[in-house]
Structure formats: structure tokens, C-alpha cells
Amino acid sequence: MEIPYTYKARPDTGLYNAKVGIWLFLASEIMLFGALFSSYILLRVQAPDGVWPEMRLGWPHGLLNIPIGTFNTVVLISSSVTVVMAWASLKMGKIAAFRRYMILTLMCAFGFLGVKSYDYNEKFTHYELRLKNGEVHTGHLEVNGKHPGFWSFADIWNLDRLTKEKVAEVQFTADPPKPKAGEAHAAEAGHEHVAKAIKRDEISRLEAFIPRNHNFFAIYFTITALHGLHVFVGALVMAYFAFPGSRMWRTNPEQFTNRIEVVGLFWHFVDLVWIFLFPVVYLL
Amino acid sequence: MQATNHTAAHGGGHEAHHHEPGFMQKYIFTTDHKMIGIQYGLTALIFLLFGFCLMLCMRWQIAHPGHPIPLVGSLLEKVLGDVAKDGKMSPDLYNSFGAMHGTIMVFLAIVPLAFGAFGNYVVPLQIGAPDMAFPRVNMASYQFYFLGGIIMFISFFIPGGAAQAGWTSYSPLATSIPTHGQAFWLIGMVFLISSSLLGAVNFIATIIQLRAPGMTWMRLPFFVWAQFVTGFLLLLAFPPLEAASVMQLMDNLFGTSFFLPTGLAVGGRLADISGGGSPLLWQHLFWFLGHPEVYVLILPGMGIVCEIIANNTRKTIWGYKSLVFSVLAIGFLSFIVWAHHMYLTGMGTKISAFFQTTTMIISIPSVILLTCFFISLWGGSIRFNTPMLFALAFLPMFGIGGLTGLPLGFNASDIYLHDSYYVIGHFHYVVAPGTIFGLMAGIYFWFPKMTGRYMNETLGKIHFWFSLLGMNLVFAPMFIQGLKGMSRRMADGGTTYFGADDIAIKLNTSITHAAVLLGLAQLPFIVNLFLSIRNGRKVESDNPWQATTLDWATPTPPPHGNFATEPIVYRGPYEYSSPGAARDFTPQGQKV
């Protein structure tokens, strides 16, 4: 039994099966991310006026690392180019060039994920501190002479944990105050980068930049993690086609080329999601 | 020329791997759409029975609150522990059973049966395809469904039991209940949704790409059209619920506040959350799936009914094109009616007015569908076999279900009827004697193709008449209860509810008796289904019902690859009693 049009195009639709399949799948993906983006808009619109952290539930601005985000945007867009080049190489029958471009694409994909995890870690080790006297700070924490561990999700502190582990005092290095327009450098210069001892009894709220802290972090981590998962799965599939899966090139080059086209379409979609994500979450 | 080549390749392929596939490959890890359809069907029927049993326990509690459940009470106590102490149903258990009855019936029974089972088995046959476009994706779709089902089932036995927040899982209730049932529910849902997505992609691609030569769009049997639209509904409506499930899972496991408002108090204490979320957001995302889901439930049933009516009236279906365009219109409109489930949320009169308008508009194509089926009966010499009886009963039952929906679509009357037994009566009329009757009709109709034997007519008729009686005795009184203001979701059947009068309370008992009758009426079906596989009357030919569509042009049962020779289609799907034809039916593959 053979299923028709697995790689040859059906004359009246002009498409092979997998191409129809991937476009349908992408349609459903658009609805998936569309729902998350809509949720982002709704949560942001209904947030009270004022800016976090001064306003507890206000929407934060400028929290995310824009240079890193820009870098990642460039990385992903480049990978979209290289994946097209890989496909074009196959069309011209150059399997070696195909593999080179696939390796480049994979490097971009894992580079993106590496940078993203650095970005995440920056958030997990960053704290919001509210004192009972009404002061609000963001900054970095030192407990018992140690910064919270790198890459250890279990090492995230909050007031409950301080109480439970009977920590009487923490060292807190506040971030420099946000530069106001025109006096950026002056503010930086006047700020002292020293840790300050803060007693537990003075603290009314201590929370890292993690999802439960604020809906901004909740939606930021949810969307970017889901997107990161797509990048990861896409990279796995491409790694398969670049190495063991490329055996098919010898038996059925046309079908193999089609497979790369389909993977490429998925990869462009993943790229496109980021192109929306970056301005919406990082810049606006 | 091409056709010859294809046949040659076909024959050659068979010789190359002539060895019989092993048991696992043939029945468990199969990529054959027919076997996957049967897997879906059997699993879904088991869940259908299981969901029904949950409801029987609940009905006992409603009729006799606080009395130990007969027969299964001690078993429940043994398995579930304190929630079923002394064999009595605690309110927590009642809530669990209620939530899981809805979830199981919708996501694990009806959708898999209507879309997974019938769609898989019949669609490739009816369009003249050798299999689905992506057989392995098809297998994965069933496996995801199966895993989702297992997760849902296991959740009954974890400490605290299964999810308790209703099948709609409204936040903040779903996040405030301090057990892990809801997390299991959400993870199970993610599997079920992924399964549906894989299925939907596969169905749509198959229908677009694998139609046999000559099978143009307007020659597709209506059943295929119904599945096509259903596929799009699943494809586009389910992902928002997947997103919502992920967000609610974040709320439950990681303490976020997507759906939790500022100042939420649980058990009299301020909840330890950041707040700032929106409970309405969950409802919007849920019902954005939830309403198209209603049409996912009903359209395949309508497709089956259409096939059976055309076949047993021996007439072409009246208004084929109206049916097709109506079903497309329903598919489109079903995406913009969802908030009529939310009139009472205070989302605003302007939004309510919009959704009230679209809701009234969507009733038009639904009425067109039903009208076409009714007119198709006109002047036919009807064969009253079991599938036809179920198909005929579908029409008035769905009619009652649909028309009682109108007062719920108007927001003025909905404010009174919302969350009452009237709502339960309404949607069960659509789904139970509606869709389930359609599906039963389909089982009796395609059973001869699957096995080569008929199901027993006498048992089938007993099954039909007692089911019809049982269904109506169960659901019709609910309209009265609802109009009398009886609220749903009350673990004691409303005895403590001051507004409920004697009549409404007394109806609880009669409904419970009717539910038992309905349960007993399914016994002949179960017996019939299994005995007929070996002992049923053998079919005389490959086309026992003398039908026109391609599914009957295959060998019985269809082998792997379906057709002996590649089918070519020459005509529309319902050419019955054409003037001048030799017989009273002209199959689609017949040239002259």
C-alpha cells in the first residue's frame, strides 16, 4: 500500500501532503500563541496605573535586558536565513553545503537557548524588596554571606524561607536608581554599589523575579518558555535531519528536500513568534 | 497509464512484505486507519460507560441524599477512602464525579467516538483513499488520547481525588481547591488537546489531498464535509484552551496569578498570591474552545444521520448544497458566539448584545440542516431498520435540544435560567439523545462493513426503544426543575434549597429511576456488539445496505490499503432511485 502525494505534489492542489499538514499545524500554533499574546494584552491593560515596583501591581517597564534580546533576535533571523540556504543547497544537489548550513542553523538555535538561559538566570537571582517603612528596592541578595546559587531553582529566597531558616539579617545590594532623562550618568556616578544589611523584621516582602512575583513575569516566562521549547524541539528535529536522517538523501532526494522545507517552515514560524515577542515583551 | 502503474506498485508492495504482522503491530501499534478507528471506538465506548456510571452514583445521591449508594457503595469506600465513608457520597466526591462526568463524556467519550472512531474508519473509505495522509501521526494521536485518558482515570485514586471544579474548571475555584486533582486534570487535558490537534491536521490534510480521482468537493458525502469542518474547529479552537491549561497549571503549581484577582480570600484568609489576574480571562479562553466544541460534538452525528437517512429513504438527500454551506457557516459562526455562556459575568451589556446577536444567527444554519433532513423524509419509502430508527429519533431530539437553547441565547431569559437544571436538560438533549443516538446509528450502520456481519435487529430495537424512553424520562423533567428555579451542582439534590418546591424535588426520584432504566437499556447493546462479531447474520455482499458511497465499494472487512482497485468517482454521493437507472441506487464509482 502506498499513500499518494507523500512527496509529489497533487496536481489540483499543487501541494504534497506534508506541506498541507505543516501549514495546518502552524495555523493551530498561531491560535496557541495568539491566546497567550491576547492574555498578555488583557493582563497589561487591566493593570493599575503606575509603574512596578513603586506601584505593587503596576506594569513594569525596562526590566528586560534589551541588548541581549536584540542579540537573540539577530541570531534567530540569521538562523532563518541559513535554514533556507540549507534547503536551497539541497535543491541544487549539494549535500555538503546543506550540512554546513544546517550546522550553522543549529549553532544559532543553541546559541539562542544559551543566551536565553543567561537571561532567565539574571531574573532568578534578582530580587524585589519591600520594607515595612514603605521603601521599595530591586537588587541582589546575599544570605549568610552567599549569593543565591547560580542555576539552583531551589535557592530562591522569600520572606517565608527567611523565617523558616531563621535568617535574622540579609545583605542587599540595591540596583542603581533608574536614570531620568538627561541625567543618566550623573545618577550612575552618585550611586554607591555597596551591600547594606537589612534585618528580617524590617522586610514586608521579598521575592525574586520569578513567575509568582508579578503577572508580568508570569506571562513573560510562560510565553518565552513555550517559545524556547519550540526552539529546542525544532533544533532536535533539524539535528536529526542534518545527521542520521540525511541517509534519505541517497534513497529519495526529493522527499528529503521536502522534509527540509517543512522543517524550515516550522523554523520560520518559531522565528516569527520571536519577532512579535521581542517588541511586545521587551520594548513596549 | 498512471492508474496501471499505481496498481502495479500496489501489488509489488504486497508481495515484498507478505508476512503477517504480529499481534502488537496489528492491534496495538497499528498505523492502519481502520484499526485506529476501532481502537478509538472501543476506548471511547468504555469511557462512555464509565462516565455514565459516575452519573448514576450522582443520581442516587440526588434522589436519596446521604444514603449509602447501593451495590457500589462499599467498593467506592474501599477504593476512594474517606470521601465515600460508609458508602455515602460526600459533597467533595459529588463534585469530583460531576467534574469528571462532564470531562469524560465530552473529551474522552463523545469526541473520540465521533471524530476519532467514525472519522478514522469512514472518512478515508468514503473519499477513496488507501489510508490517512499521515498514518504514524494518526497512531500518535490515539496514543496521546489514551495517555490523557489514563491520567484522568488515575486522578480518581490520588489523595483528595479527581478535579472538583466542574468540567469548565473556572478559576479561582479551580486553583483554590487544595488537592492535586486539578493538576492531573490540566495535564490530562494537554494530552487530549494534543491528540485532537494531531487528528485534526491529519483529517483535513487527508480530505484535501487524498480524494480519489473524480471526487470533487461537491461530490463528497456530507459526512466527510461534517468531519472536515469538525477538523477545523478542533484545529483552531483547542489551542487557546491548551494555552489556558498551561496558564492555570502555572497558577496551581508555580503560584502565578493569571486567573486570580487581587484580594482573593480562600477559607476566610487572604491568599498568598501576587494578584492582578483575571478570572474572566479563563472563561473567555475556555469558552472560545467550549462553544466550537459543542459543534464538534454534534456535526459528526449529523453527518452520520445524513448518510443513513439518504440510504434508508432510498432518495437523494434534499438540499445537499444547502447542507454543505450551512455546515461551513456553522463552523465559521461557532467561533464568535462563545461569550453567550458568560452573560452573568458582568462583562457588559454591549458585549452581551453582540454575542446574543451572533447566537441567534448561528441558529439559522442549524435549522437549515435539520429542515433538509426532515424534507428528505418526504415521500420516501422508509426502511425502519435499527440504524434508521436511531437516525430518525435524532431529528426531534436534536430539535428539542436546539430550540430549548434559544432562551439561553437571549440574555434576558438566560439571567433566570442560567446554572439551573434547564441548562442541563438543554445540552443533554443535544448531546445524549442527539449526538449519542447519531453515533449509535453509525455503529449499527457500519458494523457490517467492519465485521462482515449484521448486528441483531431485535436486540437493536429493544435497545432503541428503551433508550428513547429513558432519555426523555431523564431529561424532559429537568426543564421543569430548571424553570422552577432549581440550581444545578447541588450535592444534596436541592433539598436544602429553600426555593425548591415539592414537585421539583419529587422529580429527582423519577429521573433517577429513568436513569437506571436507561442504563439497563444499554445492556442489549453491549451484548449485541460483542456477540454479533462472531454470531451475527452474515452480510450477503460488500454493500449490504445497497448504499452509494465509496465506503461500501471496498471488500468486507476492508484490507490494509482499503480498495482492491483504485476507485474512480463519476457522480454525486446520494444517487438513489434515479429515473432510468437499473437499480434504485447508483454507486459513486459506477460509470454508467
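1. Let's start in chain B. L469(B) is partly exposed, since its relative accessible area is 46%, a value that sits between the 20% and 50% cut-offs. The residue belongs to helix α17 of chain B. Keep in mind throughout that this is a predicted model. If you want a distance to check in your viewer, take L469(B) and N562(B): they are 93 residues apart along the chain, and their C-alpha atoms are separated by 39 Å.

2. Staying with helix α17 of chain B, there is a salt bridge to look at. K461(B) pairs with E457(B), and the closest N and O atoms are 3.5 Å apart. The two residues are about one helical turn from each other, because they lie four residues apart in this helix, which covers residues 457-483. How exposed are the two partners? K461(B) has a relative accessible area of 30% and is therefore partly exposed. E457(B) also counts as partly exposed, at 29% relative accessibility.

3. Now for a pair in chain A with the same kind of spacing: K123(A) and D119(A) are four residues apart in helix α3 (residues 95-124), so about one helical turn separates them. Their side chains form a salt bridge with an N to O distance of 3.9 Å. That is worth a glance if you care about cut-offs, because a salt bridge here requires the nitrogen to be within 4 Å of the carboxyl oxygen. Are these two residues buried or exposed? Both K123(A) and D119(A) are buried.

4. Next, a contact between the chains. D272(B) makes a salt bridge with R212(A), with 3.3 Å between the closest N and O atoms. Why does this pair join two chains? D272(B) is in the loop between β2 (269-270) and α10 (279-313) of chain B, while R212(A) is in the loop between β5 (203-208) and α6 (215-242) of chain A, so the link runs from one chain to the other. D272(B) counts as exposed because its relative accessibility is 55%. R212(A), at a relative accessible area of 22%, is partly exposed.

5. That contact is part of a wider set. Salt bridges with shared partners tie E128(A), R130(A), R205(A), E207(A), R212(A) and D272(B) into one network. Over all chains, the search of the whole structure gives 21 salt bridges. As background, side chains of opposite charge can pair when their charged atoms come close.

6. Two of the network residues also face each other across a strand pair: E128(A) stands opposite E207(A) in β5(A). The strands concerned are β1 (residues 127-131) of chain A and β5(A), which pair in the antiparallel sense over five bridges. Five of the six residues of β5(A) are buried, which means the strand is largely enclosed by the rest of the structure. In a regular strand the side chains alternate between the two faces of the sheet.

7. There is more strand pairing in chain A, with β3 (residues 169-174) as the shared member. β3(A) pairs antiparallel with strand β2 (residues 136-143) of chain A over five bridges, and L141(A) has F172(A) in β3(A) as its bridge partner. β3(A) is also joined, by four bridges and again antiparallel, to strand β4 (residues 196-199) of chain A. Within that pairing, E169(A) is matched with K199(A) in β4(A).

8. On to the surface of chain A. I77(A), V81(A), M85(A), L272(A), I275(A) and F276(A) make a nonpolar patch of about 520 Å². The elements contributing two or more residues to this patch are α2 (66-91) and α8 (253-283) of chain A. One of the patch members, I275(A), is found in helix α8, and it counts as partly exposed because its relative accessibility is 35%.

9. Last, the enclosed space. How many cavities of 30 Å³ or more does the search of the whole structure find? There are five. The largest cavity has a volume of about 150 Å³. It is lined by 16 residues, and those closest to its centre are Y40(B), V111(B), P112(B), S195(B) and S196(B). Elements giving two or more residues to the lining are α5 (91-127), α6 (135-154) and α8 (181-209) of chain B. Of these, α5(B) gives the most, with six residues.

Conventions
Residues numbered from 1 in each chain as written. Chains lettered and ligands numbered in written order. Predicted model: local features only at pLDDT ≥ 70, side-chain atom pairs only at ≥ 80, totals over all residues. Heavy atoms only, no water. Patch = residues over 30% accessible without salt bridge, like charges linked within 9 Å, V, L, I, M, F, W, Y side chains within 5 Å. Areas by Shrake-Rupley, 256 points an atom, 1.4 Å probe, with all protein chains shown as cover. Buried < 20%, exposed > 50% of the residue type's maximum accessible area, 1.4 Å probe, protein only. Pairing = 2+ DSSP bridges. 1 Å grid on protein atoms, 1.4 Å probe; cavity = no way out; pocket = protein on both sides within 12 Å on 5 of 7 lines; lining within 4 Å. Points joined across faces, edges and corners; volume = space filled by probe spheres on them.
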